[in-house]
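Good morning. I have one structure to walk through today. Please look at the screen.

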Amino acid sequence: MKDHASIDRRGLDLARAIVTKLESGDLQGGLAKARAVNRRWREQGSSPLHEEWKEILQGNWTEIKAILLDESEGGNRLRQNSPFCGILTPHERWAIFREHRRHAA
């Protein structure tokens with residue numbers, strides 16, 4: 001079983017990959033997708049975290065990126081429920097999972 005610190009490190013690496021992918025491709029499309037995911041989550045039953053993400057997603061990319069890459073406990077908490085899910089392909093996501101498993105062994 002993974003400890004919280006390793007899960008948080010993996011979450012940060014996933015966020016870094018998301019940032020890289022968005023900045024090298026369709027940033028506006030990716031932001032629109034994250035906003036749509038967040039909106040759908042709020043419609044299904046809003047939580048304080050979903051409302052926090054709603055506010056974050058109204059900011060500019062520099063602010064959003066800083067939050068995605070924030071290494072604090074607050075950043076870890078937000079990444080655990082990130083509306084940026086779906087930005088990475090399953091292949092991209094599993095490559096990061098495999099890398100973390102390899103380092104854990």
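**Starting from a loop**

Let me begin with S82. S82 sits in the loop between α5 and α6. Keep in mind that this is a predicted model.

Is S82 buried or exposed? S82 is buried, because its relative accessible area is 14% and the limit for buried is under 20%. Which residues does S82 touch, beyond its neighbours within four places in sequence? The contacts are W41, W53 and L68.

Hold on to W53. W53 takes us to the aromatic residues.

**Aromatic pairs**

How many aromatic pairs does a search of the whole structure find? The search gives 2.

Take W53 with F84. The ring centres are 6.0 Å apart and the planes meet at 65°, so this pair is edge-to-face. The cut-off for that label is an angle over 60 degrees. Now look at where the two partners lie. W53 belongs to helix α3, residues 48–57. F84 belongs to the loop between α5, residues 73–79, and α6, residues 90–104. The two are 31 residues apart, so the pair links distant parts of the chain. Both rings are covered. W53 is buried at a relative accessible area of 1%. F84 is buried too, with 1% relative accessibility.

Recall that S82 is in contact with W53. S82 and F84 both lie in the loop between α5 and α6.

The other pair is W94 with F97. This one is also edge-to-face, with 4.8 Å from centre to centre and 90° between the planes. Why about one helical turn between W94 and F97? Because they are 3 residues apart in helix α6. What about exposure? W94 is partly exposed, with a relative accessible area of 40%. F97 counts as buried, at 17%.

**Helix α6, continued**

Stay in helix α6 and find E92. E92 is partly exposed, with a relative accessible area of 30%. Setting aside neighbours within four places in sequence, E92 is in contact with K21 and I87. Now bring in L14. E92 and L14 are 78 residues apart in sequence. In space, their C-alpha atoms are 9.0 Å apart.

**The whole chain**

Let me step back. What elements does the chain have? There are 6 helices and 0 strands. From the N terminus on, the order is α-α-α-α-α-α.

Next, overall dimensions. The C-alpha atoms fill a box of roughly 40 × 30 × 25 Å along the principal axes. Why is the radius of gyration of 14 Å in agreement with a compact globule? Because a compact globule of 105 residues would have a value near 13 Å.

Contacts across the sequence come next. Consider the contacts in the chain with a separation of 6 or more. Of these, 69% join residues 24 or more positions apart. The W53 and F84 pair, 31 residues apart, links distant parts of the chain as well.

How much of the chain is buried? Of the 105 residues, 34% count as buried. The accessible surface is about 6500 Å². Carbon and sulfur atoms hold 54% of that surface.

Last, charge. The chain has 18 positive and 15 negative charges. Their mean positions are 6 Å apart.

**To finish**

Three places to revisit on the screen. One is S82, buried in its loop. Another is the edge-to-face pair of W53 and F84. The third is helix α6, with E92 and the pair of W94 and F97. Thank you.

Technical notes:
Residues numbered from 1 in each chain as written. Predicted model: local features only at pLDDT ≥ 70, side-chain atom pairs only at ≥ 80, totals over all residues. Heavy atoms only, no water. Helix = DSSP H or I, 4+ residues; strand = E, 2+ residues; numbered from the N terminus. Rg over C-alpha atoms; globule rule 2.2 N^0.38 Å. Buried < 20%, exposed > 50% of the residue type's maximum accessible area, 1.4 Å probe, protein only. Contact = heavy atoms within 4.5 Å. Areas by Shrake-Rupley, 256 points an atom, 1.4 Å probe, with all protein chains shown as cover. Lys, Arg positive; Asp, Glu negative; His and termini not counted. Charge placed at Lys NZ, Arg CZ, Asp CG, Glu CD. Phe/Tyr/Trp six-rings, centres within 6.5 Å; stacked < 30°, edge-to-face > 60°.
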